[in-house]
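Subject: the model we talked about

Hi,

Here is the structure I promised to pass on. Have a look at it first, and my notes follow below.

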Amino acid sequence: MISTVMEGHMVYRILVDDDNLVNILLAEAMTKIGIHASKMTLVLTPFIGIERSVMPVKGVVELTVTVGIAPFCVTIQHTFMVIITYLSCNAIIRRPLLHQISVMVNTKYLTMKFLTVKGVVVVKRNQEASRKYANTFLKGKKALLFDHLQGSNLPHA
């Protein structure tokens with residue numbers, strides 16, 4: 001997990017996930033940052049989340065995001081889907097944003113590198129929180145995978 005500046009406010013507990021296509025911001029975090037609902041564009045498409053559950057979507061919002069610490073930082077505008085749910089993180093940064101700033105993710109060391117005008121930045125904070133979140137997430141995925149395989153016609157060992 002990392003921290004970034006969104007709309008001029010420091011936001012902590014942001015998960016970096018280079019697997020999916022939609023950047024996510026929790027509705028509660030949006031309120032705490034002070035982003036007014038009028039800045040959001042309504043979306044009618046439901047969001048299918050973890051364990052195939054449908055999560056209510058408030059809409060999408062365009063945010064100014066700063067990754068890194070000045071002068072070694074990148075500031076970009078990016079779209080986030082605002083969802084109403086409970087997660088142990090405030091936002092999830094995913095592939096489109098990572099691609100836009102040319103991030104290299106190293107999952108073994110829980111770090112990411114990207115190039116700025118002033119040089120290469122290595123972000124590696126909150127590794128303990130990331131491991132805890134990943135372990136919680138993987139426990140849920142294993143249970144889901146096990147339940148799914150139980151109902152299949154796979155040969156038993």
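Start with Arg94, whose side chain makes a polar contact of 3.1 Å with the side chain of Asp17. Keep in mind that this is a predicted model. The pair also counts as a salt bridge, with the closest N and O atoms 3.1 Å apart. Asp17 sits in strand E2 and Arg94 in strand E8, so the two tie together parts that are 77 residues apart in sequence.

Buried or exposed, you may ask, for Asp17 and Arg94? Both are buried. Arg94 has a relative accessible area of 10%, which puts it under the 20% cut-off for buried. Asp17 comes in at 17% and is buried as well.

What else does Arg94 touch, leaving aside its neighbours within four places in sequence? Besides Asp17, its contacts are Asn20, Leu21, Val22, Asn23, Ile24 and Phe47. With the same kind of neighbours set aside, Asp17 is in contact with Ile92, Ile93, Arg94, Arg95 and Leu98. For orientation, E2 covers residues 9-17 and E8 covers residues 91-94.

Now the fold around that pair. Six strands form a closed barrel in the order E1-E2-E8-E3-E7-E6, and the pairing is mixed. From one strand to the next, the twist averages 45°.

Some of the pairings are worth a click:

- E6 (residues 57-69) and E7 (residues 72-83) run antiparallel and are joined by 12 bridges. Val61 is opposite Phe80 of E7.
- E1 and E2 are antiparallel too, with four bridges. Here Thr4 faces Val11 in E2.
- E1 and E6 pair in the antiparallel sense over two bridges. Val5 has Thr66 in E6 as its bridge partner.

E1 itself (residues 2-6) has four of its five residues buried, so the strand is largely enclosed by the rest of the structure.

On to the hairpin of E1 and E2. Two residues lie between the strands, and Glu7 takes a positive phi near 50°. The side chain of Glu7 also forms a salt bridge with that of Lys39, at 3.1 Å from N to O. Glu7 belongs to the loop between E1 and E2, while Lys39 belongs to the loop between helix H1 (27-33) and strand E4 (47-48), so this pair ties together parts that are 32 residues apart in sequence. Glu7 is partly exposed, at 28% relative accessible area, and Lys39 is partly exposed at 38%.

How many salt bridges are there? The count comes to three. The one I have not mentioned yet joins the side chains of Glu28 and Lys32, at 3.2 Å from N to O. Both residues lie in helix H1, four residues apart, or about one turn of the helix. Lys32 is exposed, at 66% relative accessibility.

One last spot to look at is Leu87, in the loop between E7 and E8. Leu87 is buried, with a relative accessible area of 13%. Its C-alpha atom is 8.0 Å from that of Leu26, although the two residues are 61 residues apart along the chain.

If you only have a minute, go to Asp17 and Arg94: a salt bridge between two buried residues.

Cheers

Notes: Residues are numbered from 1 along each chain as its sequence is written. This is a predicted model: local features need pLDDT of at least 70, side-chain atom pairs count only at pLDDT 80 or more; totals for chains, interfaces and linings use all residues. Side-chain values use heavy atoms; hydrogens and water are left out. Two strands pair if DSSP finds at least two bridges between them. Axes are lines fitted to C-alpha atoms, for helices over the stretch in contact, and angles run from 0 to 180 degrees between N-to-C directions. Buried means under 20% relative accessible area, exposed over 50%, partly exposed in between (1.4 Å probe, protein chains only). A polar contact is a pair of N or O atoms within 3.5 Å; within protein, one must be able to donate a hydrogen and the other to accept it, and residues adjacent in sequence count only if both atoms are side-chain atoms. Contact means heavy atoms within 4.5 Å. A salt bridge is a side-chain nitrogen of Lys or Arg within 4 Å of a carboxyl oxygen of Asp or Glu.
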